[in-house]
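Work through the exercises below with the sequence and the 3D structure at hand. Each task is followed by a solution in steps.

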Amino acid sequence: MRYSVALPNDRVDQPDDFLTAAAVADIASSVEDAGFDACFVTDHPFGSDRWLAAGGHHALDPLVELSFAAAATTRLGLHTNIYVLPYRNPFLAAKSVLSLDVLAGGRVILGVGAGYVGSEFDALGVDFDERNDLLEEGIEAMKLAWTQDCVVLQGRHFRARGNTMLPRPSSRPHPPVWMGGNSKRAITRAARSCQGWSPLPTTANRAPRTASVSNLEELRQRIALLHKEVEAIGRTEPLDICLSLLQPSPGSADYEPQHTRAYIRALEDVGVTWVGVRPVAGRSRKSYLDQARRFADDVMAALR
């Protein structure tokens, strides 16, 4: 099992402690030293006030923040969880991602998804109803741009007539793409065109527009669908599965290391290869780092 830890990029309430260059560098280098395999960030460029009031959150631009994390580390993976590709022209997205991958020496893990916040699509001028089609053609466009010369591709809102993007990414043949989402369509995309699948944990308070994965049995059912798709196409390439923890995280009142270790063993038994960890940031960067180190000592070190 490998572990990706959330950077607290939503803490606009305490920017001096969490959102400066020095803060991001300190957090990234500290979680690398603690033994985490990657760090991850979310993607919400322009949420509506109504969505924010209902529990949404702000976030730094994911690739900009990860570039600062990259500069402070040497081996830590740089993970988007998730990057809403339909918000963007896929060729501009491909250039930004490969730029980070080249400068970081091949450490990018590109988790992508269709997105679910309709008001954010409206503000960015993107048709919400096109999001799934835009995601699918966007993955194809990025992979072509990363790996081929003279790309010819007609999309819904672009047309490449023979275009080339250099340099090539440091990751070969390109950064791994992990598909986010629990729907059958997302699972099919993961099996057919990605290197990983990132099911989204759902709860009564967190239910984005996708199928429910609120417990181990629902996760097992979704993984069975994934295996069915893999078998149907005869895929032999390995496929990572990354799940953010549904169990309590360090810093929460009901966090219990023994139960968390047992839960992670159960996840591994059903095929999960990566776990996303969200330490409770508390009121300071020190509190966040204390909880991240606690998880590394209590859980990661004990299971490795």
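**Exercise 1. The strand E1**

Task: Decide whether E1 is enclosed or open, then find its strand partners.

Solution. This is a predicted model.
Step 1. Count buried residues. In E1, 4 of the 5 residues are buried, so the strand is largely enclosed by the rest of the structure.
Step 2. Look to one side. E1 (residues 2-6) runs parallel to strand E10 (residues 274-277), and 4 bridges join them. Within this pairing, serine 4 has glycine 276 as its bridge partner. Valine 5 is bridged to valine 277 of E10.
Step 3. Look at E2. E1 pairs with E2 over 3 bridges, again in the parallel sense. Here alanine 6 stands opposite phenylalanine 40.

**Exercise 2. From strands to barrel**

Task: State the strand order of the barrel and describe how E4 sits in it.

Solution.
Step 1. Trace the closed sheet. The barrel has 8 strands, in the order E1-E2-E3-E4-E7-E8-E9-E10, with parallel pairing. On average, neighbouring strands are turned by 25° against each other, direction ignored.
Step 2. Add a helix. Helix H5 (residues 90-103) packs on the sheet and touches E3 and E4 (108-113). The direction of H5 makes about 155° with that of E4.
Step 3. Join E3 to E4. These strands run parallel and share 5 bridges. One bridge matches threonine 80 with leucine 110 in E4.
Step 4. Check both faces of E4. Val108, Leu110 and Val112 point one way, while Ile109, Gly111 and Gly113 point the other way. All of these are buried. That agrees with the count for E4, where 6 of 6 residues are buried.

**Exercise 3. Phenylalanine 36 and its ring partner**

Task: Classify the ring pair of phenylalanine 36 and phenylalanine 295, and place it in the chain.

Solution.
Step 1. Start with the total. The model has 6 aromatic pairs.
Step 2. Apply the geometry. The centres of phenylalanine 36 and phenylalanine 295 lie 6.3 Å apart, with 20° between the planes. Pairing requires centres within 6.5 Å, and planes under 30 degrees apart count as stacked. The pair is therefore stacked.
Step 3. Locate the partners. Phenylalanine 36 is in the loop between helix H2 (21-34) and strand E2 (38-41). Phenylalanine 295 belongs to helix H11 (residues 285-303), 259 residues apart from its partner.
Step 4. Check burial. Phenylalanine 36 has a relative accessible area of 0% and is buried. Phenylalanine 295 is also buried, at 0%.
Step 5. Extend the group. Ring pairs link Tyr3, Phe36 and Phe295 into a cluster.

**Exercise 4. The nonpolar cores**

Task: Which residues have the most contacts inside the largest nonpolar core?

Solution.
Step 1. Name them. They are Phe36, Val272, Tyr288 and Phe295, in a core of 76 residues.
Step 2. List contacts for one of them. Beyond its neighbours within four places in sequence, phenylalanine 36 is in contact with residues including Tyr3, Val5, Val31, Leu76, Val277, Phe295 and Met300. Arg75 is also among its contacts.
Step 3. Find the other core. A second, separate core has 6 residues, among them Val84, Tyr87, Phe121 and Val126.

**Exercise 5. Phenylalanine 121 and phenylalanine 128**

Task: Why does the ring pair of phenylalanine 121 and phenylalanine 128 count as edge-to-face?

Solution.
Step 1. Read the geometry. The ring centres are 5.2 Å apart and the planes meet at 85°, so the pair is edge-to-face.
Step 2. Compare burial with the cut-off, under 20%. Phenylalanine 121 is buried at 0%. Phenylalanine 128 has 14% relative accessibility and so counts as buried.
Step 3. Look over the ring. Arginine 131 lies over the face of phenylalanine 128, 3.8 Å from the ring centre.

**Exercise 6. Backbone exceptions**

Task: Where do the cis peptide bond at isoleucine 82, the one at proline 167 and the positive phi of cysteine 150 fall?

Solution.
Step 1. Recall the background. Most peptide bonds are trans, and most residues other than glycine have a negative phi.
Step 2. Take the cis bonds. The bond from asparagine 81 to isoleucine 82 is cis, with omega near 0°. Isoleucine 82 is in strand E3 (residues 77-84). Leucine 166 and proline 167 are also joined by a cis bond, with omega about 0°. Proline 167 lies in the loop between strand E6 (159-163) and strand E7 (177-180).
Step 3. Take the phi value. Cysteine 150 has a positive phi, near 50°. Its place is the loop between helix H7 (131-147) and strand E5 (151-154).

Terms used
Residues are numbered from 1 along each chain as its sequence is written. This is a predicted model: local features need pLDDT of at least 70, side-chain atom pairs count only at pLDDT 80 or more; totals for chains, interfaces and linings use all residues. Side-chain values use heavy atoms; hydrogens and water are left out. Rings of Phe, Tyr and Trp (its six-membered ring) pair if their centres lie within 6.5 Å; planes under 30 degrees apart count as stacked, over 60 as edge-to-face and the rest as tilted. Helices (H or I, at least four residues) and strands (E, at least two) are DSSP runs, numbered from the N terminus. Buried means under 20% relative accessible area, exposed over 50%, partly exposed in between (1.4 Å probe, protein chains only). A charge sits over a ring if NZ of Lys or CZ of Arg is within 6 Å of the ring centre and within 35 degrees of the ring normal. A nonpolar core is a set of buried Ala, Val, Leu, Ile, Met, Phe, Trp, Tyr and Cys residues joined through side-chain atoms within 4.5 Å. Contact means heavy atoms within 4.5 Å. Two strands pair if DSSP finds at least two bridges between them. Axes are lines fitted to C-alpha atoms, for helices over the stretch in contact, and angles run from 0 to 180 degrees between N-to-C directions.
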